[in-house]
Amino acid sequence: MKIVGVEIKGSEAIFAVVEYDGSALAHLSTSLKKIALEDDDIAANVRQFREQVAAFVGDNGLKMLAIKKRGKKGEFAGGPTTFKIEGVLQLLEGCEAGLVSPQTISAQAKKLAELPGSLNKYQHEAYKAACAVLLKAR
């Protein structure tokens, strides 16, 4: 099974593709690691963002997104742009999207030996989100 973990930070969606073959998790390096939503007040930019994400998902044969959940209120609440990005991701055709809580990610991350060297530091949370879903499903 191959899925993509997503962390939404500011106006960017950060991706990490992970494959689970039944015995081991493997990070699949992709040329595209993040996509930014520029000026979300302009509808054409939101459509362009959606098209870029849909192309990424289609090009990599992904059927599931594991999105790291953000707070809706309080000190660590996500900004309005992050929720717009999340909505776009959840509405992608032909791809299931699920939200993964930070607590679930932390609990499942304890089962990981170490993070792959092929990841950039900013991809760590996206990778752990994908792994959390894969480890919980087995």
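Contact is taken here to mean heavy atoms within 4.5 Å. In the predicted model, Glu86 touches Ile8, Arg70 and Leu99 under this criterion, when residues up to four places away in sequence are not counted. Glu86 is found in helix α2 and is buried, with a relative accessible area of 11%. Its contact with Arg70 includes a salt bridge, in which the closest N and O atoms are 2.5 Å apart. This pair links distant parts of the chain, since Arg70 belongs to the loop between β5 and α2 whereas Glu86 belongs to helix α2, 16 residues apart. Arg70 is also buried, at a relative accessible area of 12%. Because buried denotes a relative accessible area under 20%, both partners of this salt bridge fall within that class.

The count of salt bridges in the model comes to six. Another of them joins the side chains of Lys34 and Glu12, with an N to O distance of 3.9 Å. Lys34 lies in strand β4 (residues 34-36) and Glu12 in strand β2, so the pair ties together parts of the chain that are 22 residues apart in sequence. Lys34 is partly exposed, with a relative accessible area of 35%, and Glu12 is likewise partly exposed, with a value of 25%.

A salt bridge is also formed within helix α4, between Lys128 and Glu125, whose closest N and O atoms are 3.1 Å apart. Because Lys128 and Glu125 are three residues apart in helix α4, about one helical turn separates them. Glu125 is partly exposed, with a relative accessible area of 23%. Through salt bridges that share partners, Lys68, Glu125 and Lys128 are joined into one network.

Helix α4 is further involved in helix packing. Two packed helices are described by the angle between their axes and the distance between the axes. Helix α3 (residues 102-109) and helix α4 (residues 124-137) pack at an angle of about 75 degrees, and their axes lie 8 Å apart. The angle therefore makes α3 roughly perpendicular to α4, as angles of 65 to 115 degrees are assigned to that class. On the α3 side, the contact is made by Thr104, Ile105, Gln108 and Ala109, which meet Glu125, Lys128, Ala129, Ala132, Leu135 and Lys136 in α4. The residues of this contact divide into five nonpolar, two polar and three charged. Glu125 and Lys128, the salt-bridged pair of helix α4, are thus among the α4 residues that meet α3.

The nonpolar interior was examined next. The largest nonpolar core contains 21 residues, of which Val4, Val6, Phe15, Phe49, Val53, Leu65 and Leu89 touch the most other members. Two or more residues are given to this core by each of β1 (2-9), β2 (12-20), α1 (43-59), β5 (64-68) and α2 (80-90). The most is given by α1, with five residues. For Phe49, the contacts comprise Ala13, Ile35, Ala36, Leu37, Ile85 and Val88, not counting residues up to four places away in sequence. Apart from the largest core lies another core, of 19 residues, including Ile3, Tyr127, Ala129 and Val133. Ala129, a member of this other core, is also one of the α4 residues that meet α3.

Terms used
Residues are numbered from 1 along each chain as its sequence is written. This is a predicted model: local features need pLDDT of at least 70, side-chain atom pairs count only at pLDDT 80 or more; totals for chains, interfaces and linings use all residues. Side-chain values use heavy atoms; hydrogens and water are left out. A nonpolar core is a set of buried Ala, Val, Leu, Ile, Met, Phe, Trp, Tyr and Cys residues joined through side-chain atoms within 4.5 Å. Buried means under 20% relative accessible area, exposed over 50%, partly exposed in between (1.4 Å probe, protein chains only). Helices (H or I, at least four residues) and strands (E, at least two) are DSSP runs, numbered from the N terminus. Axes are lines fitted to C-alpha atoms, for helices over the stretch in contact, and angles run from 0 to 180 degrees between N-to-C directions. Angles under 35 degrees count as roughly parallel, over 145 as roughly antiparallel, 65 to 115 as roughly perpendicular and the rest as oblique. Ala, Val, Leu, Ile, Met, Phe, Trp, Tyr, Cys and Pro count as nonpolar, Asp, Glu, Lys and Arg as charged, and the others, Gly among them, as polar. A salt bridge is a side-chain nitrogen of Lys or Arg within 4 Å of a carboxyl oxygen of Asp or Glu.
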